[in-house]
Amino acid sequence: MRETNPPQRPMQVKCTAAAEQLPLFCTPEQRATAAAAETATAQPATEKVLPGYALTRSRRKTLCLGVEDGQLIVRAPHYASINDIESFIIEKQRWVTKQLAEDTRRQQEKIRLFDGATFQALGAEFRIEINILGAALRSRIDACMEHKLVTLSLTETGAQRIEDKAEKLFRRWLTSLAAPYMQRATRQLAAATALDRTLGEIGFRYTRSKWGHCTSAGDIQYNPAVVLAPTTVVDYIVAHEVCHLRHRNHSRAFWRLVEKCCPEWRTAEHWLRHNGHRAEFLFCI
Ligand SMILES: [Zn+2]
């Protein structure tokens, strides 16, 4: 864990380093690090306007800024005054403006799913068809792998937004697509590197911040949305997590093993860092 102390601030910006996780994209804590770095070049307070923000208070000891889905998020200790919080935001305004613009760009580059839209998954092009059903029927998803056609049948009944129903069903389908490929790839690589004895369960779970995770027990968990990334990136994520079976860190020895298992890892890592949001999707129904 690292900590940064911006000068003249009553509270610290805390940054955590996730040692055994593959970040999906910049975490709020990483963004806060950049915010701290902006301190020296901040504009005069008189020219600044306070942007809207969502505030979450907790037992944390530090102030943390982040941007999620076009919204500035502030995480603050219970004891932080609104004055302190807003002075902090104003101080970091240049960083906040930049992050909000970057977030807007990322939102626009996400995969947009609507009736007739196409998308790439595991190297194949799929088309999505959306039908709105009568109230008596149940929402469901069907896929024809031969024709690479995914059909979403949705009802508008109930409290849940139709986009949320679509997202839930689509995620379930993505997991069914990801599981056979990634389980096989993981087992094959673990066997080839003589790490199969240390491999535990292979699971799938959606998370906002990680593509993959390897526990100390040798269980590997993947974010199934990764299949929306280029296949070389999927293979790198598998290699990354399998290599964690031997090295539970990001040491030089770890990266040497990654290099052996996946010589293209640098390109894949670069894609994840700069284009990870392109493997996220948004329903526009
Ligand atoms: Zn890692």
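Colleague: How many residues of strand β13 (residues 210-214) are buried?

Modeller: This is a predicted model, where local features need pLDDT of at least 70, side-chain atom pairs count only at pLDDT 80 or more, and totals for chains, interfaces and linings use all residues. Residues are numbered from 1 along each chain as its sequence is written. Strands here are DSSP E runs of at least two residues, helices are H or I runs of at least four, and both are numbered from the N terminus. Buried means 20 or more other C-beta atoms within 10 Å of a residue's own, with C-beta atoms placed from the backbone, and β13 is mostly covered, the buried count being five of five.

Colleague: Which residue stands opposite Cys214 in β14?

Modeller: Strands pair if DSSP finds at least two bridges between them. β13 and β14 (residues 220-222) manage three, in the antiparallel sense. They form a hairpin with five residues between them, and Gly218 in the turn has a positive phi of about 90 degrees. Across from Cys214 in β14 sits Ile220.

Colleague: Why is one side of β4 and of β5 left without a neighbour in the sheet?

Modeller: The open sheet has three strands with mixed pairing, ordered β4-β6-β5. One side of β4 (53-58) and of β5 (64-68) has no neighbour because each has a single partner strand and stands at an edge.

Colleague: Which residue in β6 stands opposite Ala54?

Modeller: β4 and β6 (residues 71-77) run parallel, joined by six bridges. Opposite Ala54, the β6 residue is Ile73.

Technical notes:
A residue is buried if 20 or more other C-beta atoms lie within 10 Å of its own, exposed if 12 or fewer, and partly exposed in between; C-beta atoms are placed from the backbone.
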